[in-house]
Amino acid sequence: MSLTEKLSVLTGAAFVAEGFTADVGAVRMSDRPDLAQFQCNGAMAAAKQAKKNPRAVAEAVVGHLQQNPIFAKIEIAGPGFINLTLTDNALNEHLGAMATDTRCGIAPLVSGQTMILDYGGPNVAKAMHVGHLRTSIIGEALRRMAGFCGYTAIGDVHMGDWGTQIGMVISEFQIRHPEWVYFDESVTSGYPSEAPFAIADLEEVYPFAAQACKDDEARKELALIATVELQNGRPGYRALWQHIVNVSIASMKANFDSLNVHFDWWKGESSVHDLIAPMVDDLLARGFAVKDDGATVIPVAREDDQKEFPPLMLYKRDGAVMYGTTDLATIVERMQSNPSKIVYIVDQRQSLHFEQVFRAAYKTGIAPDSVELIHAGNGTMNGSDGKPFKTRAGGVLRLEDLIESATQKAAERMKEANLAQDASADELAKTAHMVGVAALKFADLQNQRQSDYIFDLDRMTSFEGKTGPYMLYQAVRIKSLLRKAAAQGALPGDKIVLGDADRPLALLLTELPDVVALAMRHYTPHVLCDYVYRLANAFSSFYGNCHILSEQDQMLRASRLRLCAMVLAQLILVLDLLGIDVPERM
RNA sequence: GUCCCCGUAGCUCAGCUGGAUAGAGCAACGGUUUCCUAAACCGUAGGCCGUGGGUUCAAAUCCCGCCGGGGACGCCA
């Protein structure tokens with residue numbers, strides 16, 4: 001239990017004793033550290049309901065708390081704020097339990113529940129670009145957070161591998177290489193195992209085909225036909241498609257590995273193809289799906305809707321499926337894992353689509369009401385003009401180029417500061433990559449998930465301010481300090497001595513469990529970023545004020561080393577939840 | 001046209017279920033190093049929280065209108 005939770009239990013009981021509900025006893029960190037460590041604002045709300053004087057309610061509640069020896073000070077301020085301050089002993093006891101816990105004192109929130117997270121969503125045949133950055137980074141953080149909070153967390157990359165873009169590529173190959181065996185309809189098996197193209201070819205073909213389809217209706221028609229034929233199982237197309245997928249996945253993995261983003265499932269839209277026909281037949285039979293203007297759809301509008309709700313389309317007029325179809329069938333498939341939540345970390349602009357899919361899933365019983373379907377939408381990364389990020393030439397920036405430029409910038413900064421320059425070239429390069437990725441990820445994650453932000457490479461790679469490199473720097477500093485201390489035989493002690501220099505840092509450490517819970521509840525990693533920054537900053541301040549290794553008082557030195565170790569453990573834990581690795585040195 | 005999101009310091013942004021004096025970072029100005037990574041730390045300055053109403057003991061936060069910005073709206077994903 002977190003410290004504020006413990007206190008809330010005490011205060012809640014006091015409110016209950018006065019005839020109120022326990023929930024008004026909620027205690028939180030004080031907004032006014034000059035007055036107290038904790039506060040409870042419930043007296044005002046309780047008094048309002050009971051039509052009593054809030055100060056009198058506060059006084060009655062405080063009456064129940066006063067005998068408790070854990071409080072050093074209890075005061076009522078203003079209209080009825082209850083201000084609480086703990087004795088150092090009580091604080092110490094709580095810290096002691098946290099210090100020895102590998103989870104930094106954070107109990108799991110749930111057990112026996114599965115959360116499936118859908119993020120990344122790269123398209124095969126298409127180079128990954130900056131548009132995939134946010135979903136990947138945020139999704140990875142949420143997957144790690146969920147796992148830590150006790151969920152069986154399953155990350156699914158959910159590739160775009162079954163839609164029109166594939167038809168564009170296949171038809172383009174057919175135009176360019178009509179002689180390929182994949183296009184000979186008299187051949188239905190025994191295709192080569194080697195792909196007749198490399199990733200670079202795909203990356204050239206896709207944009208070319210997309211542009212051609214945009215410019216020419218007839219050309220687009222070819223792509224649509226190829227899409228339907230692929231989905232209907234034309235052997236040559238399937239074989240070619242498999243090459244496209246294989247070649248693409250290799251490239252995706254390189255990008256994701258570089259970003260330290262991982263998946264448990266490498267599924268895609270195509271994975272559920274075989275589930276689609278039975279699903280649609282069933283929905284037609286049960287009357288949920290209807291024919292409409294040649295297409296097959298599920299109406300999802302409700303009478304009390306404030307806006308127009310287009311139906312979810314299952315089959316287009318030409319018989320091809322759309323992403324709503326695969327998304328719905330994917331829920332059918334995912335239900336086999338018995339999830340309690342399915343979370344989609346996908347661009348916020350697709351919120352209507354997900355509302356449609358979710359409605360369809362609930363309405364048809366594909367997802368029972370007990371399963372939470374959540375679109376945790378993300379914003380976009382914009383250029384300095386406030387529009388979705390483009391290169392100077394106006395093109396889309398490839399993800400690997402973005403990572404490379406962040407890494408290079410990090411290397412430059414490290415050189416400027418003459419940092420870790422004695423390391424081997426190999427270690428230097430590795431560290432630069434870690435710093436660059438930390439910069440990129442922290443800059444992304446510290447923004448609210450659903451809002452857009454402006455990309456600024458110089459700012460995010462700075463070692464000053466609220467940046468990834470700054471967090472790493474503080475953590476590495478502690479590692480170095482603890483190494484030096486150990487070399488002198490000085491080890492972290494069991495007892496924490498709470499002086500005025502130590503107490504604020506110690507108090508901050510107790511916040512982490514609440515912060516993690518809050519971040520998980522709302523799927524908001526930026527709450528963790530905010531905390532880890534406050535912690536790094538508070539440590540740096542502490543470090544500046546207290547010279548630890550030269551401390552003559554053995555007890556105090558051991559205590560401060562313990563605090564440092566606890567800070568480090570939290571920094572590493574939280575950064576890990578964010579998907580950021582900390583180097584040994586930098 | 002309908003619906004959704006946003007508008008907080010010069011810039012980029014926090015602000016959880018309404019609560020005490022609205023907070024950070026960057027930029028600006030001033031200070032700190034015989035000492036553990038100064039890539040640091042400390043301090044100063046800077047805001048009718050877009051605007052007009054309403055609810056409340058209490059509103060950046062909740063409700064309504066308006067202005068400004070962004071986005072979504074059936075056969076792409």
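**A tour of the cavity and the RNA surface**

Domain 2 (114-159 + 271-381) and domain 3 (164-259) both contribute residues to the lining of the largest cavity, so this cavity lies between them. The model is a predicted one.

Begin by selecting N123, K126, A127, M128, I199, E203, S248, S251 and M252, which line the largest cavity. The enclosed volume is about 40 Å³, and the count of cavities of 30 Å³ or more comes to 1. Next, colour α7 (199-215) and α9 (235-259), each of which supplies at least two of the lining residues. The largest share, 3 residues, comes from α9. Colouring the lining by class will show 4 nonpolar, 3 polar and 2 charged residues.

Now turn to RNA strand B. Of the 69 residues around the strand, R32, F81, L419, Y473 and V476 come nearest. On the RNA side, sugar and phosphate make up 57% of the strand B atoms that come within 4 Å of the protein.

For the secondary structure of this surface, select elements including α2 (42-50), β4 (81-86), α16 (468-487) and α19 (526-545); each supplies at least two residues. The largest share, 8 residues, belongs to α16. By class, the surface near RNA strand B has 31 nonpolar, 18 polar and 20 charged residues.

Three side chains merit individual inspection:

- Q39: an N or O atom of the side chain is 2.6 Å from a base nitrogen of RNA strand B.
- K48: an N or O atom of the side chain is 3.2 Å from a sugar or linking oxygen of RNA strand B.
- N537: a polar side-chain atom lies 3.0 Å from a phosphate oxygen of RNA strand B.

How values were computed: Residues are numbered from 1 along each chain as its sequence is written. Chains are lettered from A and ligands numbered from 1 in the order in which they are written. This is a predicted model: local features need pLDDT of at least 70, side-chain atom pairs count only at pLDDT 80 or more; totals for chains, interfaces and linings use all residues. Side-chain values use heavy atoms; hydrogens and water are left out. On a 1 Å grid over the protein atoms alone, a cavity is a set of points where a 1.4 Å probe fits but cannot get out, and a pocket is an open set with protein on both sides within 12 Å along at least five of seven lines; lining residues have an atom within 4 Å of a point. Grid points are joined across faces, edges and corners, and a volume is the space filled by probe spheres set on the points. Helices (H or I, at least four residues) and strands (E, at least two) are DSSP runs, numbered from the N terminus. Ala, Val, Leu, Ile, Met, Phe, Trp, Tyr, Cys and Pro count as nonpolar, Asp, Glu, Lys and Arg as charged, and the others, Gly among them, as polar. Domain bounds come from an automatic or database domain assignment. A residue is near a molecule or strand if one of its heavy atoms lies within 4 Å of it. A polar contact is a pair of N or O atoms within 3.5 Å; within protein, one must be able to donate a hydrogen and the other to accept it, and residues adjacent in sequence count only if both atoms are side-chain atoms.
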